[in-house]
Amino acid sequence: MLQGRAKNYAIAQAVISSLGCLTSLAGGGVMLAIGFFSSLLDPSSAAEAGVLLVLGWTSLLVGVAFVPGLITVIYAWKGKLLPVIKPAWQHSLMIFGVIVWLSSLLFVGFTSHNQVFNFITSLLILPLVLVPILFFFWVGARKLSLGNQLRAWGAVAFNFSLTMPIVLAAEMVVFFVIFIFITFWLLGQPELLTQIMQFGEQASNGMINPVDAEQFIVQLLSNPAVLTGSILVVSVLVPLIEELLKPMAIWFLAGKRLTPSQGFVGGLIGGACFAILESLGAVGIPADSQWLVLLFARTGTGILHVALSGMVGWGLASAFYEGKWLRAFLTYLLAVGIHGLWNFFALLSGLVPILPISEQMDVMPIILGQLGVFVLLLLFVVNFILLFSLNHHLQRENRLPVNRFS
């Protein structure tokens, strides 16, 4: 029977899980209905409807993910535990996941040019994103736990309901401040300000086509100040915010005196939930041959979020449990650095092919952009090694006596 603080946590988890489940299922149903009927009524909008279908399935997935959090509260109230997956079944589930992933990839590949299948194709986007992220989570969480089922599913509910909105709100505040600075900077750039105002007016009147929009963006990014500012925002500010807030559930569990391994698993959960929502919101539905590249890029982003959030969670729990605040600070800086490198080379890899080449242009961004794919592959390997190594280290540490900080 739950008592004291555990009872309060359980009540909060029940409220979050039940509200999250209802709102996610309802929202997902509405988006699926709108996406399905809009593609039937207006075939020319099938691409936009496909994106809405993916978001609808994502919302239903999140709604289902809230259910175990609610059930664990009911079981804990009765003094019982949920049935767990037997270790012998884990490999079978992994094989099943690989089969589902490959089957989904083949089906999506064959039907991507036929919009009639958008409703099914959008559903199969889920395993294409979900299976790799769950595999990365399994690699990091093998033989480790967050302490109990109630806490683990509570972390899932917390991350799906609160973490992403809080991260987005924090980034919006930062972007608003940046917008204010940009506004004052543009006052000293009258020609550029005029071009932006004209583009905005044309866009609002629906008088601009995609080619003109791309040319305007290319021209804008050709400005060294704009390009440098974009790199700083994407490679510094975004990682600083996300790596601090993704394992946010650890901050709320600090009073539970988490062990370092529990903090690591809590961080893995936060990173996995964040990666699922971000990737499913970004991949959309296949529209051209570049979609497969985007899918694999999001897979790399998935392991980035899982591994780095796990590392930061390990550092935070080490500070709370053992007083190792230097470890918490260094792991956070390392996570921000790796995340920043990933964003930097991903940004340059996307920009360099569309930037106009001129004799006056600095060749260094071009060289770095051309090396971007190789650097991203290297960072993928680094994150996988980090994930595997921390799991191995924490498994071994759990078998040794722990010198607790008091």
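By the rule used here, the count comes to one cavity of 30 Å³ or more. Please keep in mind that this is a predicted model. The cavity comes first below, followed by a nonpolar patch on the surface, and helix α4 has a part in both.

**The cavity**

- The volume of the largest cavity is about 40 Å³.
- Its lining is made up of L128, V129, P132, I133, S279, L295, R298 and T299.
- Two elements, α4 and α11 (291-322), give two or more residues to this lining.
- Helix α4 provides the largest share of the lining, with four residues.
- Sorted by character, the lining residues of the largest cavity come out as five nonpolar, two polar and one charged.

**The nonpolar surface patch**

- If you turn to the surface, you will find a nonpolar patch of about 810 Å².
- The residues that make this patch are F36, F37, L40, L41, V116, F117, F119 and I120.
- Helices α1 (4-41) and α4 (118-141) each supply at least two residues of the patch.
- The most comes from α1, which gives four residues to the nonpolar patch.

**A closer look at L41**

- L41 is one of the patch residues, and its place is in helix α1.
- Is L41 buried or exposed? L41 counts as exposed because its relative accessibility is 76%, and the cut-off for exposed is over 50%.

Conventions
Residues are numbered from 1 along each chain as its sequence is written. This is a predicted model: local features need pLDDT of at least 70, side-chain atom pairs count only at pLDDT 80 or more; totals for chains, interfaces and linings use all residues. Side-chain values use heavy atoms; hydrogens and water are left out. Patches are made of residues with over 30% relative accessible area and no salt bridge: like charges are joined within 9 Å, nonpolar side chains (Val, Leu, Ile, Met, Phe, Trp, Tyr) within 5 Å. Accessible areas come from the Shrake-Rupley method with a 1.4 Å probe; for residues, only the protein chains shown count as cover. A salt bridge is a side-chain nitrogen of Lys or Arg within 4 Å of a carboxyl oxygen of Asp or Glu. Buried means under 20% relative accessible area, exposed over 50%, partly exposed in between (1.4 Å probe, protein chains only). On a 1 Å grid over the protein atoms alone, a cavity is a set of points where a 1.4 Å probe fits but cannot get out, and a pocket is an open set with protein on both sides within 12 Å along at least five of seven lines; lining residues have an atom within 4 Å of a point. Grid points are joined across faces, edges and corners, and a volume is the space filled by probe spheres set on the points. Ala, Val, Leu, Ile, Met, Phe, Trp, Tyr, Cys and Pro count as nonpolar, Asp, Glu, Lys and Arg as charged, and the others, Gly among them, as polar.
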